[in-house]
Amino acid sequence: MIAKTLIVEDRPHVGGDNERYLNAIPEETCEAHGITGFQCVHAKSGSAALGALEDAKAKKEPFHAVLLDLHLPQNEGDRTESLEVGFKVMEVARRTGAGKCIIAVSAYTQPEVMARAIRGGVVNFVPKPYSPEQLREGFLEAWRHMLQSEKDRLEHDRIRRLLPHAQRCWVQPL
């Protein structure tokens, strides 16, 4: 499966590095995780990220992963950045299902920020600065979580669909 990934990072060189780090995951590691390649979409602001998520939801093609810098400008070119913008992107990705797993990539590692991110649906937190290996491992850990969640969801749906059929087959006690 091609890992469709939204990279939300206001510094283009960092976003480009993130994509290169993902593409440098060894082929055998990718194969072991069911990844055949990466399709990365870049967003440099909160509004660009929200637009990409809205587009993914409308096309019914959610991102498998969202690499999210939490401290972002609302619009490209804005001089001010805010954690609230990143948390809004995170909330929309989770609530709409347009981002299956969210990985926070941030220098804001205070316990209250990390706790809020985890409560908001982040499945992994990669603190900045990080090495290519740390980003790759953080991504793969979140990927495994996403695969398990998808498997659980599919099993639940299957059981829910089969339950009425099974109930018709139950023998009633005399």
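Start by selecting Glu54 and Ala58 in this predicted model. Both are exposed, and they sit on the face of helix α3 that is turned away from its buried side.

Now select the whole of α3, residues 46–58. This helix has 13 residues, and from its first C-alpha to its last it reaches 18 Å, close to the 18 Å expected at 1.5 Å a residue.

Which residues of α3 are buried? Colour Gly46, Ala49, Ala52, Leu53 and Ala56 to pick them out. Turn the view until you look down the axis of α3: the buried residues fall within an arc of 125 degrees, so they line one face of the helix.

What covers that buried side? Show the strands β1 (2–8), β2 (37–43), β3 (63–68) and β4 (99–106), together with helix α4 (83–96); the cover over the buried residues of α3 includes these elements.

Before leaving this helix, step just past its end to Lys60. Here the backbone takes a positive phi of about 55 degrees.

Next, move along to strand β5, residues 122–127, and select Pro127, which is found in this strand. Is Pro127 buried, partly exposed or exposed? With a relative accessible area of 40%, Pro127 is partly exposed, because that value lies between the 20% under which a residue counts as buried and the 50% over which it counts as exposed.

Keep Pro127 on screen and add Ser106 and Thr109. Pro127 is in contact with both of these residues, leaving aside its neighbours within four places in sequence. Then add Asp69 and draw a distance between the C-alpha atoms: Pro127 and Asp69 are 9.9 Å apart in space, although 58 residues separate them in sequence.

Finally, zoom out and show the whole protein as a cartoon. You should find six helices and five strands. Followed along the sequence, they give the pattern β-α-α-β-α-β-α-β-α-β-α. The C-alpha atoms fill a box of roughly 75 × 35 × 35 Å, taken along the principal axes.

How much of the protein counts as buried? The figure is 42% of its 174 residues. Among contacts with a separation of 6 or more, 69% join residues 24 or more positions apart.

Switch to a surface view for the last stop. The accessible surface comes to about 10000 Å², and 54% of it belongs to carbon and sulfur atoms. If you colour by charge, there are 23 positive and 24 negative charges to find, and their mean positions are 8 Å apart.

Terms used. Residues are numbered from 1 along each chain as its sequence is written. This is a predicted model: local features need pLDDT of at least 70, side-chain atom pairs count only at pLDDT 80 or more; totals for chains, interfaces and linings use all residues. Side-chain values use heavy atoms; hydrogens and water are left out. Helices (H or I, at least four residues) and strands (E, at least two) are DSSP runs, numbered from the N terminus. The expected span of a helix is 1.5 Å times one less than its number of residues. Buried means under 20% relative accessible area, exposed over 50%, partly exposed in between (1.4 Å probe, protein chains only). The arc is that of the directions from the helix axis to the C-beta atoms. Contact means heavy atoms within 4.5 Å. Accessible areas come from the Shrake-Rupley method with a 1.4 Å probe; for residues, only the protein chains shown count as cover. Lys and Arg count as positive and Asp and Glu as negative; His and the chain ends are not counted. The place of a charge is taken as NZ of Lys, CZ of Arg, CG of Asp or CD of Glu.
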